[in-house]
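Colleague: I am new to reading salt bridges. Can you walk me through some?

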Amino acid sequence: MCGLTGFIELDKNLYPNSPIERLRKMSDTLKHRGPDSSGEWFNDRVGIGFAHRRLSILDLSEAGHQPMLSHDQRYILSFNGEIYNHRCIRKNLDKNFLDIKWKGTSDSETLLAAIQYYGIDECFRLIRGMFAIALWDSKLNVLHLARDRIGEKPLYYGWQGKTFLFGSELKSLRAHPSFLNQINADAVSKFIELSYIPQPISIYKDIFKLPPGTLLSIPVKNLKSSQALVPGQYWSLKSLIENQEKQLYQKNIEDAVKDLDTVLTNSISNMMEADVPVGAFLSGGIDSSLIAALMQKQSSQPISTYTIGFEDKDYNESKYAANIASFLETNHTEVILKPNQALDVIEILPNIFDEPFGDSSQIPTYLVSSITKEYVGVALSGDAGDEVFGGYNRYIASSLFSKFDKYLSIELRKKLAVFLQFLPFKALQNFLLLTKVKQGNEKIRKIIRLLNANNIYHAYWSLVSTWDDLPADLLLHNSKSTTDMNSFSWPNLPHNENSMMFLDTLTYLPDDILVKVDRSSMAVSLETRLPFLDIEVLEFAWSLPLEFKINRGIGKILPRQLLSEYMPKNLFDRPKQGFAVPIIDWLQGPLKEWGNSLLDSKKIKEQGIFNPDLIQNLWSDIQSGQVYEPNGIWNILMFQLWYEANHINPSSNNKSA
């Protein structure tokens, strides 16, 4: 796990200092991603340079130093990530090409040799792992940028004047003197709606996220700064799903449990390989518990597990993790988060995430990463289990939408939604028989959203949107709804639940969950690995019939059954809660003054982005207890925090809109 950055400068005489100095300055911003060593490379003839920060996980020697030159001297590589099957690839290379003389045992060297001997296309077909790659082909004078299939590792790029910039995090691009620091107004609108900024855009104008599963190849000859750069797809989730639909799993569920055990055990075995200590996050839920159980099965010593909890009992699930750790006999570490600790973390979030990010579980994720790093260098995580095996409540809700769609006309559904909206809150809970369900108010609002949806894709976006109805005048520029469903190519799927899982894996997973995990862990130089995103696990999961994942209102059927073979069901079989944070209590208590400062009307007016009167009304509703769902105002607070930390010039906002 590492950090990479670099540039192509079309005007070589624009800056007085040396390009190596500029590369080093960019690289220094990524020291947290790679504290063990650094390196720079620059080609004066072309004006292209790479910088790299290394976090040593495999082959701790100098043989793993980057940027790395291929054996035939043709390629220069800067690589962030892990190739889990690199030993197998290296073995096949040795078998087929007898002249290879290895310098070390790193997966970086294996990757570079695979590119040299097999070519880029075949290499990407072979590798299993998470990665972001910058590769210079000195023979063809082409820069290649690539990102892994699902988007575990980040990569940003874009033109700023006559300079093309790229890097693992936005802060490295900001460190180059060409960076323009202009806000992308469309990104602000999307962030307020979704709590994250969806690919391919970023918070900055003309800076983009390389989409997962894509390769951007840039011939430097005759390159112009006005040139549009379009990534090509080397792997497609849609194609994988459609292929697996044609060859659905034919065996019974008992066999499927055994096969999941095999494929997930193999994935975890590969991910436990490291030259530093390895542990696991353990929340007490199904996914992390299954990862921990399969890790412990393969270890002769107790594995190390880590969790974080809250003082608020309604949000604290650490006791469940402790019970599971006790049963598995792991070395378990638990820390309870206090509100004042949350405030300490909140202040550094803009530097960790580089752009506005509204998933409040970023706070406990960062803290559990900090704790874990004190003991190990790598942590396995259960993230992505929900998207892969049908764990989110919205998948269950999609079957409810199917019933609405089948038996009620759209006109009648919308009238029913209006009726429900005007019922008193407690009466509404009783009416829907949800009084015993945690966060019942949120679930009721989701039902209203389903009633208003025209089709399953509208239903999906309404469920993942932060706002029931985004106020039209909240944003002074580009305030319309921003979701563009036509930007996706839909697979032909027989079930609404699968459609939602596809959309989550394409959008919410890489742009929210994986961003949260990567930035939070790398901020403390901890490598995280996600077994559920191994390509063989993905292929297996998408070959399964829906009833092996979701059945009779219960999700993750197969992981549940597999986990029950390793521990009693009473340890994990309970309603899903997620990594929820008591935001309302914090905003009405220890974070109230902090919120007052960020939402000061004078500040809001000077920025020229939000309607200050509407912001004050929203904040007053939070303080008076009239708002049950805090995510909308939380997104605004996260934007304001980022805005102030990055010293944006308010006068530039209208220009960038």
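Modeller: Start with a definition. Buried means under 20% relative accessible area, exposed means over 50%, and partly exposed is in between. Keep in mind that this model is predicted.

Colleague: Where does glutamate 536 fall on that scale: buried, partly exposed or exposed?

Modeller: Glutamate 536 has 35% relative accessibility, so it counts as partly exposed. Its partner is arginine 128: the two side chains meet in a salt bridge, 3.3 Å from N to O. Arginine 128 is buried, at 12%.

Colleague: What lets two side chains pair in general?

Modeller: Side chains of opposite charge can pair when their charged atoms come close.

Colleague: Which parts does the pair of arginine 128 and glutamate 536 tie together?

Modeller: Arginine 128 sits in the loop between helix H4 and strand E6, and glutamate 536 in helix H21, so the salt bridge ties together parts 408 residues apart in sequence.

Colleague: Lysine 209 and glutamate 355 also meet in a salt bridge. Are these residues buried or exposed?

Modeller: Lysine 209 is buried at 6% relative accessibility. Glutamate 355 is buried too, at 9%. Their N to O distance is 3.1 Å. Lysine 209 lies in strand E10, and glutamate 355 in the loop between helix H12 and helix H13, 146 residues apart.

Colleague: How many salt bridges does the structure hold?

Modeller: The structure holds 29.

Colleague: Which residues are linked in a network?

Modeller: Salt bridges link Arg33, Lys153, Glu169, Lys171, Asp354, Asp518 and Arg519 in a network.

Key
Residues numbered from 1 in each chain as written. Predicted model: local features only at pLDDT ≥ 70, side-chain atom pairs only at ≥ 80, totals over all residues. Heavy atoms only, no water. Salt bridge = Lys/Arg side-chain N within 4 Å of Asp/Glu carboxyl O. Helix = DSSP H or I, 4+ residues; strand = E, 2+ residues; numbered from the N terminus. Buried < 20%, exposed > 50% of the residue type's maximum accessible area, 1.4 Å probe, protein only.
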